[in-house]
Amino acid sequence: MKKLNFERIIAWLENHLSERQFVLLLSFFIGLFSAFAALLLHATIRLVQRLLTSSFAVSHENWLYLVFPAIGILIAALIVRYIVKDNIGHGITRILYAISRKGGKIKGHNTWSSIITSAITIGFGGSVGAEAPIVLTGSAIGSNLGKLFHLDSRTLTLLIGCGAAGAIAGIFKAPIAGIVFTVEVLMIDMTMFSLVPLIVSSMTATVVAYFFTDTSAMFSFPSIGAYDFELERVGATILMGIVCGLISLYFVTMSGFCEGLMAKLKKHFYLKIIVGGVVLGVLIFLFPSLYGEGYNDINLILNANTAEDFGKLMDNSFFAESKRMLIVYVALVIVFKVFATSATTGAGGVGGVFAPSLFLGAMSGFLFASLWNEYGIGVYLPYDIYALLGMAGLMSGVMHAPLTGIFLIAELTGGYDFMLPLMVVSVCSYLTIIVFIPHSIYANQLARQNILITHHTDRAVLTLMNLDSVIDKEFDVVTPDMKLGQLVNAISKSKYDMLPVVSAGGQLRGEVHVRKLRKIIFRTELYTRFEVSQLMLPPATILNINDPMSDVMQKFEDTHAEALPVEDEHGVLKGYITRERMFAMYRKMVADMSEE
C-alpha cells in the first residue's frame, strides 16, 4: 500500500510540475535537512566537549588530554568497522568520487553515519573539523532524495551540490560561501539550471540556522570598521599570502606523508588506533589548542585586546605560566597541527580539514603579525585582522579555492570591509601553492587516478564516461587450435569481419581478420592444413577495463584502429570497443552537459 501511494505521489508530481520546478522543490528540502543535520552535529560536539572538559583547570596541564582523544577514535572506528562497514573518511573526496564514478549515487548510510562518528571523534578531542562530514551528509541527503524519485545522474549531481551548499551555509551561516564552495571545490557547473537550486538550498539552510541560533556572524569581530586598509600594508599583505601558500603546501604534503605511514598499519586495526591515539593524546597534552576544531582559539585571537588575553591561548598547557613563550607556542602549534589532524583521521577518526585550515590560518596570521610588529619591519599590523586574512589564505591554499576563502571569511566574521586584502591574500596563497601542487587536498588522489571532474567540458566528459558501458560484449570467439574449415564456419555466423582468438581461460591470444584470409578462405583443400594459430595477428593494443577514457581515445589515435579489445584485471577478454560507438557517446554527453 505504501509503495502504491508513493508511486501515486510521483505520478502526481510528474503531471503537475516541470523538471525545473521539481528540482527547485527538492533543493528546498535538501537545504532544510542539511541545516538541521549541521545544527545537530555542532550541538552534539559542544555537548560532548562541555561534559568532558568543563572541570579542567586553566593554569596547568590536564592528564585526561592523553586519554580522551584515543577513546573517541576507538569508539568512532568501531562504529565504522562493525556498524557502517564502509569507508566514510575524507568525505569531500568521496563526494567527488561519487560524481565522477558512481553517477552521483551516495550510499544511504552517509546521511547519518558521518554525523555520529565525527561528533564522537571531535567531541573527545580529535583534531579535525566537522565540515567535511556534514558536507558529505548534505550531499548524501541530496543524492538519496534524487534516487528516491529515480532521477538521472545529471540531476543527482546537481542535488549533491545542493546538499553541499546547504551544509556549508547551515554550519557557517554563509549562503554565498556555500554556493561558491560547491562550484569551486565540487566542480558543479554554474549554469542557470544549476545556479537557482543552489541558491534555494543555501538560502534555506541559512534561514534555518538563523532561526535556531541568531543572525550574528559565527565569529565575533569587533574591529570591523576600526581600521582602514592602508597602502602601506599592501606589501605585508602580499607577503602574508605567500606565507599562507607555503604553510598550505606544508600542511598538504605532510598530511599526505603521515596518512601514508598510517596506511601501512591498515591491517592492524587496534595497533593503528593505539599509535594514532598516543600521538594525538601527547600532542594535545602538550598543546591543548590542538583539541577539537579550535574555534574557541580563533574567537580568542579575533577578540583579544591585551597580552594577557592572547596568553589565554596557552591555558591548560605547560606554557600557561610563561606568557613570554606565546610566539614559540603558536609556532609549535602550527608545526604540529598537521600531525594531530593526520593521527586523528589515520587512526580511524572521522573529520575533515576545513576547521584545521581555518585554525591554522588564524594562528599563522597572528604569528605573522606578531613577528612583524616585534621586529618593527614596517607599519603596525593588527593581530586580529591578519588572523582573519590568514584564515582566508590557508583556506584558499589547502582547498585551491580562493573564492571560497574570500567569501567564507567575509561571511564568518562580517568582515566585508576587508574584501580587498582578503582577495590579495587568497590569490597570492593560491598562486603560491599551485606552483608545487596542481590540485586541492581533496582532489589529489582522484587526479592521480585520472578520475577527477573539472570545469573543462571535454575532460569532464571523458572522466564521466564509463568504459564498461561502451563495450560490445556480444562477440564470437575462436581458439588457437581450430582448423581453417571451422574458422570459415565461424566467420559465416559472425556479424564482424574480425574474430578474437582466446585460450581456454578466456585470455586474448590474437585476432583473425577476414580481409587477410581472402587468398585461402575459398580453397577447401586447405581447410585441414591450417590452424587459427598460424593465421592470427596480434591486436594493435589491448585496453584495460580500468583505463581512463582519455587514455582510450589516445590509443585509438595512436593505432588508427576501428576496434580495440578490452581485458579485465585478470587478463580475461571482456569485449571490444569501437571508435564509432565511443565517439557517439562522447558527442551525446557533450551535448547533454552543454544544455542549460
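# A tour from helix 7 outward

Start by selecting Lys-173, just after helix 7, where the residue takes a positive phi of about 55°. The model on screen is a predicted one.

Now step back along the chain and select helix 7 itself, residues 153-172. How far apart are the end C-alpha atoms of helix 7? They are 29 Å apart; at 1.5 Å a residue, the 20 residues should span 28 Å, which agrees. Colour helix 7 by accessibility and the picture is of a mostly covered element, with 18 of its 20 residues buried. Cys-162 is buried too, with a relative accessible area of 0%.

Stay with the cysteines and select Cys-428. Its relative accessible area is 17%, and so Cys-428 counts as buried. Which cysteine has the closest sulfur to that of Cys-428? It is Cys-244, at 9.7 Å, and this is too far for a bond, because a disulfide needs the two sulfur atoms within 2.5 Å. The count for the model comes to 0 disulfides.

Next, look at charged side chains. Side chains of opposite charge can pair when their charged atoms come close. The count here comes to 3 salt bridges, and each can be visited in turn.

Select Asp-86 and show the side chains around it. Arg-94 meets Asp-86 in a salt bridge, 3.7 Å from N to O. Arg-94 is partly exposed at a relative accessible area of 28%, whereas Asp-86 is buried at 16%. Lys-107 also meets Asp-86 in a salt bridge, with 3.8 Å from N to O. Lys-107 lies in the loop between helix 4 (91-101) and helix 5 (113-123), and Asp-86 in the loop between helix 3 (68-84) and helix 4, so this pair ties together parts that are 21 residues apart in sequence. Asp-86, Arg-94 and Lys-107 are thus linked in a network of salt bridges.

For another salt bridge, select Lys-483 and Glu-531, whose closest N and O atoms are 3.4 Å apart. Lys-483 is in the loop between helix 20 (457-464) and helix 21 (484-493), while Glu-531 is in the loop between strand 2 (508-513) and helix 22 (532-535); the pair therefore ties together parts that are 48 residues apart in sequence. Are these two residues buried, exposed or partly exposed? Lys-483 is partly exposed at 31% relative accessibility, and Glu-531 is partly exposed at 26%.

Turn now to the aromatic rings. A pair of aromatic rings is described by the distance of the centres and the angle of the planes. The count comes to 18 aromatic pairs. One of them is Tyr-380 with Tyr-383, an edge-to-face pair with 6.1 Å from centre to centre and 85° between the planes. Tyr-380 counts as partly exposed at 44% relative accessibility, and Tyr-383 counts as partly exposed at 22%.

Then select Phe-287, Tyr-329, Phe-336 and Phe-339 together, since these residues form one aromatic cluster.

Two stops remain, each with a charge over a ring. Select Lys-337 and Phe-359: Lys-337 lies over the face of Phe-359, at 4.8 Å from the ring centre. Finish at Arg-81 and Phe-269, where the charged end of Arg-81 sits over the ring of Phe-269, 4.2 Å from its centre.

Terms used. Residues numbered from 1 in each chain as written. Predicted model: local features only at pLDDT ≥ 70, side-chain atom pairs only at ≥ 80, totals over all residues. Heavy atoms only, no water. Buried < 20%, exposed > 50% of the residue type's maximum accessible area, 1.4 Å probe, protein only. Phe/Tyr/Trp six-rings, centres within 6.5 Å; stacked < 30°, edge-to-face > 60°. Lys NZ or Arg CZ within 6 Å of the ring centre and 35° of its normal. Salt bridge = Lys/Arg side-chain N within 4 Å of Asp/Glu carboxyl O. Helix = DSSP H or I, 4+ residues; strand = E, 2+ residues; numbered from the N terminus. Expected span 1.5 Å × (residues − 1).
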